[in-house]
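Before reading on, please take a moment to look over the sequence and the 3D structure shown below. The report then moves from the empty spaces to the overall fold and on to charged side-chain pairs.

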Amino acid sequence: MQRCTSHQIAGSLPADLNRASWAIMDQNRTTAIATSLIIASGVIWGFYWLPVRMLAEAGLPGAWGTFTITAAAALLLAPFAAWHHQNLRDASFLAIAAVALGGAAFALYSIAFLYGRVAIVVLLFFLTPVWSTLIGRYIFGWPTPPMRLFAIAAGLLGLGVMLSAGGDWPIPRNGGEWMGLVSGIMWSLSSTGMQTRSTLVPQTAAFVFVLGAVVTSLVIALIFTPLADIGWWTPTLPIAFATGAVWWGAALLGLMWATVRLEPARVGILLMSEVLVGALSAALIAGEHLSTRELIGGGLVLAAGVLEIYAIKDRSRATGRS
């Protein structure tokens with residue numbers, strides 16, 4: 001049996017340390033890129049309500065606008081998905097279902113802008129850190145850091161304060177608010193499923209995601225808005241294709257790539273850039289302003305995101321991860 005001398009062992013240590021250092025650097029770089037992509041996606045989606053309402057005013061009321069946008073995006077993404085068709089064939093049903101559920105969530109979120117105020121819909125959707133934490137704890141048995149419990153408390157308190165601003169019961173008051181709340185829960189389930197199950201590359205993931213939105217918006221459109229109520233389609237097509245290319249194409253590809261590389265709760269927090277951009281753009285462009293009580297509730301929802309960031313940092317230090 002050949003024995004390793006102390007010189008041989010010592011000589012191998014620098015190479016092992018060098019490989020470990022490069023692995024850590026690669027992981028840090030991937031995390032940084034994923035973080036930047038999600039923040040940028042949030043900023044872009046903060047303006048998404050504009051084309052949705054433009055399509056409604058141009059003759060595509062209700063869910064028909066979202067259906068047209070997502071159908072256009074599906075056509076644009078289809079060649080990329082076809083190129084990676086083997087990846088789609090090899091994926092499990094749960095992986096595909098998790099991604100499609102995300103598309104359904106975004107479709108509800110898109111439609112909600114027509115029936116509720118932008119800032120309230122966005123804030124209700126971005127209670128995702130609360131739902132993601134509860135799903136991780138009670139479905140997957142993941143540990144819950146103490147700081148994350150404070151985040152849940154702040155988020156739920158903010159929800160109650162915001163929805164009771166008019167002196168009513170703290171529940172959603174219209175279809176838009178209900179869609180915003182339900183879509184956030186669905187997105188939490190989807191992002192958790194994508195992190196734990198998805199093996200899809202961004203091109204196929206984005207296509208499946210959009211198909212989930214197409215089916216969901218079509219079903220809602222057929223139920224609530226008869227075809228006879230739809231106006232002339234031709235003027236709306238350029239808006240639909242541009243919106244599909246920017247929001248459901250480019251921004252979504254980046255989001256799909258980044259979502260599987262970060263914790264679901266962190267994804268929800270980083271996407272909160274959309275909260276600020278959406279609320280500010282709605283106030284400046286549409287004149288939608290929040291009451292003092294709604295601002296306090298919204299602030300508590302954002303505070304939940306800040307507390308969640310500290311919970312992530314605490315766990316990272318405890319496990320030695322960056």
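Which helices each supply at least two residues of the lining of the largest cavity? In this predicted model, the helices that do so are helix H1 (6-45) and helix H5 (93-112).

**Empty spaces**

Rolling a probe the size of a water molecule over the atoms shows where empty space is left. When the whole structure is searched in this manner, one cavity of 30 Å³ or more is found, and the volume of the largest cavity is about 40 Å³. Its lining is made up of Ser41, Trp45, Phe106, Tyr109, Phe125, Phe126, Leu255, Leu271 and Glu274. Sorted by class, seven residues of this lining are nonpolar, one is polar and one is charged.

The second largest pocket has a volume of about 180 Å³, and helix H5 takes part here as well, since H5 and helix H9 (175-197) each supply at least two residues of the lining. The residues around the second largest pocket are Leu94, Ala97, Ala98, Leu101, Phe140, Leu189, Gly193, Thr196 and Arg197, and by class six of the lining residues are nonpolar, two are polar and one is charged.

**The chain as a whole**

The protein chain holds 14 helices and zero strands. Of its 322 residues, 48% are buried, and the chain exposes about 15,300 Å², of which carbon and sulfur atoms supply 70%. If one takes the contacts between residues at least 6 apart in sequence, 89% of them join residues that are at least 24 apart.

**Charged pairs**

Side chains of opposite charge can pair when their charged atoms come close. How many salt bridges does the count come to? The count comes to three salt bridges, and the table lists pairs with the distance between their closest N and O atoms.

| Arginine | Glutamate | N to O distance |
|---|---|---|
| Arginine 53 | Glutamate 288 | 2.8 Å |
| Arginine 117 | Glutamate 294 | 2.3 Å |
| Arginine 173 | Glutamate 294 | 4.0 Å |

In the salt bridge of arginine 53 with glutamate 288, arginine 53 belongs to helix H2 (residues 49-58) and glutamate 288 to the loop between helix H13 (273-286) and helix H14 (292-319), so this pair ties together parts that are 235 residues apart in sequence. Both arginine 53 and glutamate 288 are buried.

Where do the partners glutamate 294 and arginine 117 lie? Glutamate 294 is found in helix H14, while arginine 117 is in the loop between H5 and helix H6 (118-125), so the pair ties together parts that are 177 residues apart in sequence. Is each of these partners buried or partly exposed? Glutamate 294 has a relative accessible area of 4% and is therefore buried, a term that requires a value under 20%, whereas arginine 117, at 29% relative accessibility, counts as partly exposed.

Glutamate 294 also forms a salt bridge with arginine 173, and this pair links distant parts of the chain, with arginine 173 in the loop between helix H8 (146-163) and H9, and glutamate 294 in helix H14, 121 residues apart. Arginine 173 has a relative accessible area of 34%, so this residue is partly exposed. Through shared partners, salt bridges join Arg117, Arg173 and Glu294 into one network.

Notes:
Residues numbered from 1 in each chain as written. Predicted model: local features only at pLDDT ≥ 70, side-chain atom pairs only at ≥ 80, totals over all residues. Heavy atoms only, no water. 1 Å grid on protein atoms, 1.4 Å probe; cavity = no way out; pocket = protein on both sides within 12 Å on 5 of 7 lines; lining within 4 Å. Points joined across faces, edges and corners; volume = space filled by probe spheres on them. Helix = DSSP H or I, 4+ residues; strand = E, 2+ residues; numbered from the N terminus. Nonpolar A, V, L, I, M, F, W, Y, C, P; charged D, E, K, R; others polar. Buried < 20%, exposed > 50% of the residue type's maximum accessible area, 1.4 Å probe, protein only. Contact = heavy atoms within 4.5 Å. Areas by Shrake-Rupley, 256 points an atom, 1.4 Å probe, with all protein chains shown as cover. Salt bridge = Lys/Arg side-chain N within 4 Å of Asp/Glu carboxyl O.
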